[in-house]
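Me: I am new to this structure and would like a close look at a single part of it. Could you walk me through that part at an easy pace?

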Amino acid sequence: MADVVLLDLWVSPFGQRCRIALAAKGVAYEYREQDLSNKSELLLRSNPVHRMIPVLLHGGRPVCESLLIVQYIDEAWPVAPRLLPGDPYARAQARFWADFVDKKIFDCGTRLWKCNGAALEQATRDMIEALGALEAELGGKDYFGGEDLGFLDVALAPFTAWFRTYEQCGGFAVAEHCPGLAAWADRCRGRDDVASALTDPDKVYEFALTLKEKFGDK
Amino acid sequence: MEEAAAKMPEQPAVKLIGWLSPYVHRAEVALRLKGVPYELLQDDMANKSDLLLAHNPVHKKVPVLLHGDRSIPESLVIVEYVDEAFHGPPLLPADPLARAAARFWARFVDDKLWKALWVALWTEPGEAQVALATSARESLTLLEAQLPEGKRFFGGDAIGFLDIAASGVALWLPVFEEMAGVTLLADETHPALCRWAREYAADEIVRQCTPDMTMMLAFLTPKRGMFMSTAKAMAA
């Protein structure tokens with residue numbers, strides 16, 4: 001087994017956070033695509049509590065949960081770019097907002113493909129509000145991390161591949177409500193370390209439609 | 001943290017918004033372990049003050065730490081901030097893998113363990129409740145397995161990040177168990193975790209910021225109905 005292994009799923013934004021962090025740090029790793037309908041022994045052994053991807057294996061030792069993996073990568077390879085800044089307050093803010101992405105963006109995003117009618121309308125309103133809060137947090141900066149990619153950029157970037165899906169489902173345009181965030185998304189996608197990790201937005205939309213077919217509200 | 005993080009001088013006032021909550025306790029114990037003087041601004045969820053709403057507009061919850069002109073919400077974010085911003089014994093270990101593990105199990109406490117405990121506590125007696133109680137005990141077992149062999153705390157010889165994250169299990173679970181008439185954590189099933197809970201509760205610093213449990217019981221008892229409805233919604 002290679003020294004660094006990532007157990008992941010092609011379309012997972014959580015897995016993509018790890019891929020972006022590893023690429024940004026220039027860390028060579030082995031990517032192992034997982035079949036979640038038939039979970040591998042390695043996955044079950046490495047994450048017995050949640051049995052979920054992503055899992056990072058470093059020297060055979062597992063790290064689970066995408067934001068914890070990204071922090072681990074930052075700490076185990078303390079080279080530029082430093083994803084979490086040195087200042088404790090800036091670190092606290094980055095952690096708070098990354099947690100916000102998990103709690104709000106992912107939840108609203110799921111409801112957008114899953115729900116219909118009034119529930120869908122609510123999901124749309126909630127998503128626009130959540131994106132607005134992130135837009136405000138970005139302020140006029142190039143990245144949430146300032147001049148270069150930071151922890152919150154890594155946490156949110158994979159979800160930009162889902163913007164088209166959110167827009168199609170909710171009938172709104174991200175650029176109209178959050179022009180700063182839309183520009184940030186373009187800026188991220190222009191970077192190799194991010195672009196190489198993200199799924200094509202059309203493929204994401206196709207994937208979301210299959211999820212809707214299988215699990216959506218009728 | 002090996003590198004010198006920017007530590008603010010202790011002069012700017014430190015205030016903590018919150019009261020009578022296991023999440024507030026986490027923030028208090030972290031501050032006390034670091035020897036940081038602070039003022040507790042009592043604010044309970046029923047009467048959200050303008051101060052709270054101004055400083056945590058996103059989630060509108062306690063605790064919120066105010067340090068000079070900085071405001072930090074979310075208890076575990078606060079604990080990491082306190083660890084990094086102030087001198088004193090480290091709450092998180094230095095090794096990246098150990099740090100990831102402490103954070104992982106802290107999230108487990110919040111995301112999995114408390115949900116399992118909650119539904120087991122407040123579901124109506126019957127077959128379903130018995131199954132939920134078994135599940136809750138399994139989660140307690142997973143947490144118990146993280147106690148280092150022969151050590152008093154998850155953090156080793158001293159209270160650390162995971163002890164603080166799990167403090168609700170030591171201090172609040174007994175109160176909820178009494179209210180609900182349900183026993184989930186017992187010496188017979190979890191001897192090591194019970195030993196830990198006693199060690200944690202008896203610690204001198206912890207005692208300074210542990211609310212009086214009789215008062216807690218009086219404060220929480222009227223909420224029993226609400227707890228049962230949230231448990232119903234969670235189990236659904």
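How many of the residues of helix 3 (residues 66-76) of chain A are buried?

Reply: Happy to help! Please keep in mind that this is a predicted model. In helix 3 of chain A, 10 of the 11 residues are buried, so the helix is mostly covered. The buried set begins with Ser66(A), Leu67(A), Leu68(A), Ile69(A) and Val70(A), and it also includes Gln71(A), Tyr72(A), Ile73(A), Asp74(A) and Glu75(A).

What does the covering? From chain A, the elements over these buried residues include helix 1 (13-25), strand 3 (55-58) and strand 4 (61-64), along with helix 4 (88-114) and helix 6 (151-160). Chain B takes part as well, through its helix 4 (96-122).

It helps to see where this helix sits in the record. UniProt lists residues 2-81 of chain A as "domain: GST N-terminal", in an unreviewed entry. That span is 38% helix and 21% strand, and its end C-alpha atoms lie 24 Å apart.

Now come back to one buried residue, Glu75(A). Glu75(A) belongs to a network of salt bridges with Arg91(A) and Arg95(A) of chain A and with Glu80(B), Glu84(B), Arg99(B) and Arg103(B) of chain B. Side chains of opposite charge can pair when their charged atoms come close. Over all chains, the structure holds 29 salt bridges.

Helix 4 of chain A, one of the covering elements, has a salt bridge of its own to look at. Arg111(A) pairs with Asp126(A), their closest N and O atoms being 3.0 Å apart. Arg111(A) is in helix 4 and Asp126(A) in helix 5 (residues 117-138), so this pair links distant parts of the chain, 15 residues apart. Arg111(A) is partly exposed at 22% relative accessibility, and Asp126(A) is partly exposed at 21%.

The covering helix 4 of chain B can be followed in a similar way. The side chains of Arg26(B) and Asp110(B) meet there in a salt bridge of 2.7 Å, N to O. Because Arg26(B) lies in helix 1 (residues 22-33) and Asp110(B) in helix 4, the pair ties together parts of chain B that are 84 residues apart in sequence. Arg26(B) is buried at 3% relative accessibility, whereas Asp110(B) is partly exposed at 24%.

Conventions
Residues numbered from 1 in each chain as written. Chains lettered and ligands numbered in written order. Predicted model: local features only at pLDDT ≥ 70, side-chain atom pairs only at ≥ 80, totals over all residues. Heavy atoms only, no water. UniProt positions renumbered as here; feature names shortened; annotations may be inferred. Helix = DSSP H or I, 4+ residues; strand = E, 2+ residues; numbered from the N terminus. Buried < 20%, exposed > 50% of the residue type's maximum accessible area, 1.4 Å probe, protein only. Contact = heavy atoms within 4.5 Å. Salt bridge = Lys/Arg side-chain N within 4 Å of Asp/Glu carboxyl O.
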